[in-house]
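This report describes how selected helices pack, what surrounds the ligand, and where unusual backbone geometry occurs. Please read it alongside the sequence and the structure shown below.

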Amino acid sequence: MSIASAARVVIDLDVPGPTISRHLYGHFAEHLGRCIYGGFYVGEDSELPHEGGIRLDVVEALRALQIPNLRWPGGCFADEYHWQDGIGPKADRPSMINTHWGNVEENNHFGTHEFMALCELLGADPYVNGNVGSGTVQEMSEWVEYLTRDGDSPMVRRRKANGRDEPWKVPFWGIGNEAWGCGGNMRAEAYADLARRYATFCRDHGDNKLYRIAAGAADDDLAWTEALMKAISCLGCGRDPKNIFQAVSFHYYTVAGTWENKGSATDFDLADYYRTIIKAQDIERVIRGHSAVMDAYDPERKVGLVLDEWGTWWDVEPGTNPGFLFQQNAMRDALVASLHFDVFHRHAERLVMANIAQTVNVLQAMLLTDDDDGLVRTPTYHVFEMNKGHHDAVSVPVHVVEQPAPYELDGERMELVSASASVKDGRALISISNLDPVASLDVVLDLRGAEIREPSGRLLTASKPQAYNTVGEPGAVAPVRLRVEPEPRGLRVTLPPHSFATVSSAI
Ligand code: AHR
């Protein structure tokens, strides 16, 4: 017997809120497991279709997501990466040991030129993360010069000798990563001083303007954010806080169990499901906390908040290298993504960028690739694709005025409905998730402030929250058409249990 509940969602289509930066849909590719090697990059001798060693089926699948930016080379790897080892003829590039991720040998065949070529193929802006933990100021400064300077200079001559005459555009630059941990085990104030120093020597060459992002907190470590904000502020002295670095980051992973026992991506029960959604919904409290700290130092909101790592983190798939962080991706992961985006849209005034960890074969990936052939689009991929109409759209207020009572587990509440909406180019896009794993949801979308015309809907769901896609069954979790019916004040849709939907309409 199916259980049904009801919700009423009021959407003010004529009340513009902050613009939802497309960069909230950013990505992350680290030299970790099979993200770069085997995922994005198969090498020039591969029999798979490739361009300069970059796997073209992966590029084609990702182009449909309109990836706005790609962060590279880490993560923890960024703070042991020396960029000069990854340029020039491949045979001459020295190897290193990737000490963070599996202790495997890294041959540096995927380096600066390969990354920039990948960004060009994807149409994504590069977000390069520099090395503070084990690199020098000079090394970082020269990397910026190598990438972005025009005319003639020592680094420009090296770039040209390696086959690239024109400088590239690099809008985003990371000053280290997780400096409190793998990036150097620093104290907040010590790192804040280093961030100021490194950022100073990451120059704007010509018309390339860097958006420098300081390595931020883990989860809700607000003291870290405060140390960074203090480092670029002098309350009352009138100096623009944007002068040294322009944003601070933080990382938030949905780990539903403990770090030692994170749980399986596909073998879970209802209590695990609830725990996961509760942990994912907590991102809103964490964003509010960082924003409040930033508001105290930067009330005009000139400094950006960047969530440059987020997503689910499960135990690795049985039989795979524990250092490679390879996990399956189920309908539950898709809902974690959809509710994160609703939160991002609500906080778009301060939160300017977010990067899912990671794009291919690592953690909450869009794509899982086979070594020889085959590629699977995960349920999470479909959420990114269904939501892409929100890129650079104007958010509008959404009020869930009637909904089923929240679920309670160990004193924590889980909301069963999540929604957000935006307007762009004469169209409204509404995203709505029924997080209830057992009951369907009849939703009235009470649309105010604009006439709607020719609405249509798409639905992502599956037989159970544990469902996932495989090479043999790639469409087990894939979007289908959603029936949208007119209502006196708007529209009505019925969402099955554990489902995500988008409703789009001309206005
Ligand atoms: O995304 C995997 C790792 O998680 C990153 O390298 C690190 O920054 C974080 O701890």
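Helix axes that meet at angles under 35 degrees count as roughly parallel, and angles from 65 to 115 degrees count as roughly perpendicular. The model to which this scheme is applied here is predicted.

**Helix packing**

The axes of helix α7, residues 270-281, and helix α9, residues 331-346, come within 9 Å and cross at roughly 20 degrees. The two helices, α7 and α9, are therefore roughly parallel to each other. In passing α9, α7 makes a right-handed crossing. On the α7 side, the contact involves Asp272, Tyr273, Thr276, Ile277, Ala280 and Gln281, which meet Arg332, Leu335, Val336, Leu339 and His340 of α9. By class, the residues of this contact between α7 and α9 comprise six nonpolar, three polar and two charged.

Helix α3 takes part in two packing arrangements, one with α4 and one with α5. In the arrangement with α4, the axes of α3 (residues 137-148) and α4 (residues 154-161) come within 8 Å and cross at roughly 55 degrees. That angle makes α3 oblique to α4. The crossing of α3 past α4 is right-handed. Glu142, Glu145, Tyr146, Leu147 and Thr148 are the α3 residues in this contact, and they meet Pro154, Met155, Val156, Arg158 and Arg159 in α4. The contact of α3 with α4 has five nonpolar residues, one polar residue and four charged residues.

In the arrangement with α5, which spans residues 188-201, α3 packs at an angle of about 40 degrees, and the axes are 8 Å apart. The crossing of α3 and α5 is right-handed. Here Val137, Met140 and Ser141 of α3 meet Arg197, Tyr198 and Phe201 of α5. Four nonpolar residues, one polar residue and one charged residue make up the contact of α3 with α5.

**Ligand surroundings**

There are 14 residues around the ligand, and of these Glu30, Cys76, Glu178, Tyr253 and Glu309 come nearest. Distances between oxygen atoms of the ligand and polar side-chain atoms are given below for three residues.

| Residue | Ligand atom | Distance to polar side-chain atom |
|---|---|---|
| Asn177 | oxygen | 3.0 Å |
| Glu178 | oxygen | 2.8 Å |
| Gln358 | oxygen | 3.1 Å |

Glu178 is thus listed among the nearest residues, and an N or O atom of the Glu178 side chain lies 2.8 Å from an oxygen atom of the ligand.

**Backbone geometry**

Two cis peptide bonds may be noted. One joins Trp72 and Pro73, with omega about 5 degrees; the other runs from Gly74 to Gly75, with omega near 20 degrees. Pro73 is found in the loop between β6, residues 69-72, and β7, residues 96-98. Gly75 also lies in the loop between β6 and β7.

A further backbone feature concerns Leu363. Although Leu363 is a residue other than glycine, its phi is positive, near 50 degrees. Leu363 is located in the loop between β14, residues 351-357, and β15, residues 367-369.

Note on methods: Residues numbered from 1 in each chain as written. Predicted model: local features only at pLDDT ≥ 70, side-chain atom pairs only at ≥ 80, totals over all residues. Heavy atoms only, no water. Axes fitted to C-alpha atoms, helices over the stretch in contact; angles between N-to-C directions. Helix = DSSP H or I, 4+ residues; strand = E, 2+ residues; numbered from the N terminus. Parallel < 35°, antiparallel > 145°, perpendicular 65-115°, else oblique. Left-handed = near helix turned anticlockwise from the far one by under 90°. Contact = heavy atoms within 4.5 Å. Nonpolar A, V, L, I, M, F, W, Y, C, P; charged D, E, K, R; others polar. Near = heavy atom within 4 Å. Polar contact = N/O pair within 3.5 Å; in protein donor to acceptor, adjacent residues only side chain to side chain.
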